[in-house]
Amino acid sequence: MFPTMIGTVVIAGIVGYLAERSEFTHNGILQSIIICIGGAFLFYFVRLMFGIGFGSAGVNAIVSSIGALIMVPFHWRK
């Protein structure tokens, strides 16, 4: 369980960094990484509690990080 959580954090950080460097988002590198890690943690714990997921933990981390990047910034913009 612990290696899966560490891997989730690492993958989410990489996704956040790559999303910012490729100009998918314009939040700032640190902000994008924090958003991705938060989304990945949320989905990780949902998967532990309810068993909902996409198969492997890596795919879950990537999908949840991208989902968090899409939802969080656009939710607060007018």
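Accessible areas come from the Shrake-Rupley method with a 1.4 Å probe, and for residues only the protein chains shown count as cover. The structure is a predicted model, in which local features need pLDDT of at least 70, side-chain atom pairs count only at pLDDT 80 or more, and totals for chains, interfaces and linings use all residues. Residues are numbered from 1 along each chain as its sequence is written, and side-chain values use heavy atoms, without hydrogens and water.

**Exercise 1.** State the accessible surface of the chain and the share that belongs to carbon and sulfur atoms.

*Solution.* The accessible surface is about 5200 Å². Carbon and sulfur atoms account for 75% of this surface.

**Exercise 2.** Give the secondary structure of the chain and place Ser32 in it.

*Solution.* Step 1: the chain has three helices and zero strands (DSSP runs, H or I of at least four residues for helices, E of at least two for strands, numbered from the N terminus). Step 2: Ser32 belongs to helix α2, residues 29-50.

**Exercise 3.** Decide whether Ser32 is buried or exposed, and list its contacts beyond four places in sequence.

*Solution.* Step 1: buried means under 20% relative accessible area, exposed over 50%, and partly exposed in between (1.4 Å probe, protein chains only). Step 2: Ser32 has a relative accessible area of 0%, so Ser32 is buried. Step 3: with neighbours within four places left aside, Ser32 contacts Gly16, Glu20, Thr25, Asn27 and Leu69 (heavy atoms within 4.5 Å).
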